[in-house]
Amino acid sequence: MKLILLVVRVFVFHYNNKLPTQISPDVAKKLKDAITDFLSKNPDVKYNGTWWNPNTGVGICDWEGPKEKELKK
């Protein structure tokens, strides 16, 4: 018998140059808390990170999980 595991991987691209060029410590904490809260409610989802270029306002978020619906939240 074969066991097949499916994982959905989602990259969220923020490329409209509307991300801030600076993030205050308060905003960074709120973002971290929101991600932590989401992950606690969705234990099958994995957050791989966010990469952001403050010079251009472009960013990428990397998420993966077993169900597309969970990742669209």
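**A chat about an aromatic cluster and its surroundings**

Modeller: Let's start with the rings: Phe 38, Tyr 47 and Trp 63 are linked into a cluster by ring pairs. Keep in mind that this is a predicted model.

Colleague: Thanks! How many aromatic pairs does the structure hold?

Modeller: The structure holds two aromatic pairs. In one of them, the ring centres of Phe 38 and Trp 63 are 5.6 Å apart and the planes stand at 85 degrees, so this pair is edge-to-face. Phe 38 sits in helix 1 and Trp 63 in strand 3, 25 residues apart, so the pair links distant parts of the chain.

Colleague: And Phe 38 and Trp 63, buried or exposed?

Modeller: Both Phe 38 and Trp 63 are buried. For Trp 63 the relative accessible area is 15%.

Colleague: What about Tyr 47 and Trp 63, what kind of aromatic pair do they form?

Modeller: A tilted one, with 4.7 Å from centre to centre and 55 degrees between the planes. Here too distant parts of the chain are linked, since Tyr 47 is in strand 2 and Trp 63 in strand 3, 16 residues apart.

Colleague: Why does Tyr 47 count as partly exposed?

Modeller: Because its relative accessibility is 26%, and the partly exposed class lies between 20% and 50%.

Colleague: Let me step back. In what order do the elements of the protein chain run?

Modeller: From the N terminus the order is β-α-β-β-α, which comprises two helices and three strands. Of the 73 residues in the chain, 18% count as buried.

Colleague: What share of the contacts join residues at least 24 apart?

Modeller: That share is 62%, taken among contacts between residues at least 6 apart in sequence.

Colleague: New topic: salt bridges. How many does the count come to?

Modeller: The count comes to two salt bridges. Lys 29 forms one with Asp 33, where the closest N and O atoms are 2.7 Å apart. Lys 41 forms one with Asp 37, at 3.1 Å between the closest N and O atoms.

Colleague: Where do Lys 29 and Asp 33 lie?

Modeller: Both are in helix 1, residues 25-41, and being four residues apart they are about one turn of the helix from each other. Lys 41 and Asp 37 are also four residues apart in helix 1, so about one helical turn separates them.

Colleague: How exposed are the two lysines, Lys 29 and Lys 41?

Modeller: Lys 29 is exposed at 52% relative accessible area, and Lys 41 is exposed at 60%. Their partners are partly exposed: Asp 33 has 38% and Asp 37 has 37%.

Colleague: Back to strand 3. Which side chain does Glu 64 make a polar contact with?

Modeller: The side chain of Glu 64 makes a polar contact with that of Asn 48, at 3.0 Å. Glu 64 is in strand 3 and counts as buried, with 19% relative accessibility.

Colleague: And Pro 66, where is that found?

Modeller: Pro 66 is in the loop between strand 3 (58-65) and helix 2 (68-71). Its C-alpha atom is 6.7 Å from that of Asp 44, although the two are 22 residues apart along the chain. Pro 66 is partly exposed at 37%.

Colleague: Last one: which residues form the nonpolar patch on the surface?

Modeller: Ile 23, Val 27, Leu 31 and Trp 52, which together have about 320 Å² of accessible area. Trp 52 belongs to strand 2, residues 46-53, and is partly exposed at 33% relative accessibility. For the protein chain, the exposed area is about 6200 Å², with 59% supplied by carbon and sulfur atoms.

Note on methods
Residues are numbered from 1 along each chain as its sequence is written. This is a predicted model: local features need pLDDT of at least 70, side-chain atom pairs count only at pLDDT 80 or more; totals for chains, interfaces and linings use all residues. Side-chain values use heavy atoms; hydrogens and water are left out. Patches are made of residues with over 30% relative accessible area and no salt bridge: like charges are joined within 9 Å, nonpolar side chains (Val, Leu, Ile, Met, Phe, Trp, Tyr) within 5 Å. Accessible areas come from the Shrake-Rupley method with a 1.4 Å probe; for residues, only the protein chains shown count as cover. A salt bridge is a side-chain nitrogen of Lys or Arg within 4 Å of a carboxyl oxygen of Asp or Glu. Buried means under 20% relative accessible area, exposed over 50%, partly exposed in between (1.4 Å probe, protein chains only). Contact means heavy atoms within 4.5 Å. A polar contact is a pair of N or O atoms within 3.5 Å; within protein, one must be able to donate a hydrogen and the other to accept it, and residues adjacent in sequence count only if both atoms are side-chain atoms. Rings of Phe, Tyr and Trp (its six-membered ring) pair if their centres lie within 6.5 Å; planes under 30 degrees apart count as stacked, over 60 as edge-to-face and the rest as tilted.
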